Amino acid sequence: MPTINDDKRPLYLRIKEYLEKKIENGEFEAGDKLPSENKLSKSLEVSRASLREALRVLEEEGKIVKQQGIGTFVNKPTPKFKKGIEKLNSVTETIENEGFQAGTEKLNIKEIKISESFKEKIYKVSNDKIENVLRIERVRTADKTPVVYCIDHLILKYLDKKYKKEFFKKSLFDILKDVYGINVKKAVTNIVAVTADKYVSSFLKIKKNSPLLLLEQYHYDEKNRMILFSQNYFRNDQFQFKVMRKR
């Protein structure tokens, strides 16, 4: 491979980087079995000794795993966020509490009249008559890596001041508290396993049909008003949610 052999760094490092790129761009996916050392060394035009050293380092870093007598496999990435969901945190808080910088991309907001099917869903959890909502669509990032695709619906009749687009680059909980004096106190949450369609996968920079965790949440304030309905699509390779259960 010219891209390997033309480089002046130690050969095993060049092989390692080449294989890492194959993993990162999805040519080798989590759980995939790598070709045998013989086939791989021939295809890369490198010695088996150099290949073995590259594989040794990749295994030490947890990117591949060897199973004796079976083969070498691409390891499943360890989620960056392993959180219990008993405490109600915003996406921003969840990201920042793990030491990452939270960001916002692809921000789009508009006022919409809710559909009849949406009304039916809302009325199951709210006694208020709700007609119009502010739909906020955005991608949340952790250190500039897209990790959550969010669709939020704020109930417009509770917003007593004009909103600005730049408000929604940060936590909705903070916006509601600091701008509108609304404190989100609780949420009813449904957790659903879904797969990414073409639209969502392009936003999160993952392959189509990649697994996602969808959290559908109905948020209530201290007056028990349903203030916000959110649909947050979390990357399955980045998030792992836990629930403490007792008997």
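Reader: What volume does the largest pocket have?
Author: About 1100 Å³, in a predicted model where local features need pLDDT of at least 70, side-chain atom pairs count only at pLDDT 80 or more, and totals for chains, interfaces and linings use all residues. Residues are numbered from 1 along each chain as its sequence is written, and side-chain values use heavy atoms, with hydrogens and water left out.

Reader: Which residues are closest to its centre?
Author: Ile23, Ala30, Pro77, Arg235 and Asp237, out of 29 that line the largest pocket. A pocket here is an open set of points on a 1 Å grid over the protein atoms alone, where a 1.4 Å probe fits, with protein on both sides within 12 Å along at least five of seven lines; lining residues have an atom within 4 Å of a point. Volume is the space filled by probe spheres set on the points, joined across faces, edges and corners.

Reader: Which element gives the most to that lining?
Author: α2, with 3 residues. Helices (H or I, at least four residues) and strands (E, at least two) are DSSP runs, numbered from the N terminus.

Reader: OK, the second largest pocket: how much space lies there?
Author: About 460 Å³. Of its 28 lining residues, Leu88, Asn89, Ser90, Leu215 and Gln217 are the closest to the centre.

Reader: And which element gives the most there?
Author: β9, with 4 residues.

Reader: How does the lining of the second largest pocket divide by class?
Author: 11 nonpolar, 11 polar and 6 charged. Ala, Val, Leu, Ile, Met, Phe, Trp, Tyr, Cys and Pro count as nonpolar, Asp, Glu, Lys and Arg as charged, and the others, Gly among them, as polar.
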